[in-house]
Amino acid sequence: MRSAAAKTGLAGSAFRLFALALPVLILVQVYLAGLAIFSDGSLWAVHGAVGGAMGVPIIALLLVAWLSPQLRRHRLLTTLLLGLYILQFVFVIAGEGWGFLQALHPANAVAITVAAVLLAKGAWSE
């Protein structure tokens with residue numbers, strides 16, 4: 001029996017690819033943060049750029065989930081991912097000068113990672 005994602009054709013394929021790309025981008029982010037801390041502080045700019053680029057698969061996942069009826073079971077998790085992603089910017093930018101607020105940025109990254117892995121697992125195992 002074909003999975004619900006497979007039945008959606010192009011939408012299902014795009015969803016699976018974006019769902020897989022997100023955890024990979026998160027791993028890149030963690031590595032870049034480590035490099036910036038332990039090797040080259042100028043890499044924070046690259047970390048920020050990759051973080052900004054992560055919005056592309058997150059928004060794509062959200063749109064595909066909401067536009068494809070067969071992917072409706074992923075709507076809550078993709079919406080949550082977008083909310084957590086927006087919080088990343090709130091914690092870093094709006095938290096400027098408020099260390100206790102900025103410290104939530106890596107904690108929120110853990111929540112994003114869990115949500116992204118669950119979404120990828122669900123997308124690929126339907």
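Let me start in the middle of the chain, with helix α5: its buried residues are Arg 75, Thr 78, Leu 81, Leu 84, Tyr 85, Gln 88 and Phe 91. Keep in mind throughout that this is a predicted model.

Look at the spacing in that list for a moment. An α-helix has 3.6 residues a turn, so residues three or four places apart point the same way. Keep that in mind as you turn the helix on your screen.

Helix α5 runs over residues 75–94, which makes 20 residues. From its first C-alpha to its last it reaches 28 Å, close to the 28 Å expected at 1.5 Å a residue. And what do the buried residues of α5 pack against? They pack against α2 (10–38), α3 (44–53), α4 (55–67), α6 (99–102) and α7.

Now let's step back to the whole chain. How many helices and how many strands are there? The chain has 7 helices and 0 strands, so reading along the sequence simply gives α-α-α-α-α-α-α. The C-alpha atoms fill a box of roughly 50 × 25 × 20 Å along the principal axes. Of the 126 residues, 37% count as buried. The chain exposes about 7,300 Å², and carbon and sulfur atoms supply 77% of that. Here is one more number for the overall picture: take the contacts between residues at least 6 apart in sequence, and 61% of them join residues at least 24 apart.

Next, the inside. In soluble globular proteins, nonpolar side chains tend to be buried together. In our model, the largest nonpolar core has 19 residues, and those touching the most other members are Phe 15, Leu 22, Ile 26, Leu 61 and Leu 81. Helices α2, α4, α5 and α7 each supply at least two residues of this core. Which helix gives the most? That is α7, with 6 residues.

Let's visit Leu 22 from that list. Leaving aside neighbours within four places in sequence, Leu 22 is in contact with Met 54, Pro 57, Ile 58, Leu 61, Leu 81 and Ala 116. Two of those partners, Leu 61 and Leu 81, were on our list of core residues a moment ago.

Now over to α7, residues 104–125, where we find Leu 119. Is Leu 119 buried or exposed? Leu 119 has a relative accessible area of 1%, and because the cut-off for buried is under 20%, Leu 119 counts as buried. Beyond its neighbours within four places, Leu 119 is in contact with Phe 15, Ala 19, Leu 61, His 74, Leu 77, Thr 78 and Leu 81. Try this pair too: Leu 119 and Gly 12 are 107 residues apart in sequence, while their C-alpha atoms are 13 Å apart in space.

Polar side chains can be covered as well in this model. Gln 29 lies in helix α2 and is buried, with a relative accessible area of 10%. Setting aside residues within four places, Gln 29 is in contact with His 47, Val 50, Gly 51 and Met 54. From Gln 29 to Trp 44 is 15 residues in sequence and 9.8 Å in space, C-alpha to C-alpha.

His 47 brings us to helix α3. His 47 is buried too, at 15% relative accessible area. Apart from residues up to four places away, His 47 touches Gln 29, Leu 32, Ala 33 and His 105.

While we are at α3, how do α3 and α4 sit together, parallel or perpendicular? Their axes come within 4 Å and cross at roughly 15°. Angles under 35 degrees count as roughly parallel, so that is what we call α3 and α4. The contact is made by Gly 51, Gly 52 and Ala 53 of α3 and Gly 55, Val 56 and Pro 57 of α4.

Back to α5 for Arg 75, which opened our list of buried residues. Not counting residues up to four places away, Arg 75 touches Ala 65, Trp 66, Ser 68 and Pro 69. Arg 75 and Leu 61 are 14 residues apart in sequence and 8.8 Å apart in space, C-alpha to C-alpha.

Last stop: Glu 96, in the loop between α5 and α6. Glu 96 has 58% relative accessibility and counts as exposed, because the cut-off is over 50%. Glu 96 and Trp 124 are 28 residues apart in sequence and 38 Å apart in space, C-alpha to C-alpha. Thanks for listening!

Key
Residues numbered from 1 in each chain as written. Predicted model: local features only at pLDDT ≥ 70, side-chain atom pairs only at ≥ 80, totals over all residues. Heavy atoms only, no water. Buried < 20%, exposed > 50% of the residue type's maximum accessible area, 1.4 Å probe, protein only. Contact = heavy atoms within 4.5 Å. Areas by Shrake-Rupley, 256 points an atom, 1.4 Å probe, with all protein chains shown as cover. Expected span 1.5 Å × (residues − 1). Core = buried A, V, L, I, M, F, W, Y, C linked by side-chain atoms within 4.5 Å. Axes fitted to C-alpha atoms, helices over the stretch in contact; angles between N-to-C directions. Parallel < 35°, antiparallel > 145°, perpendicular 65-115°, else oblique.
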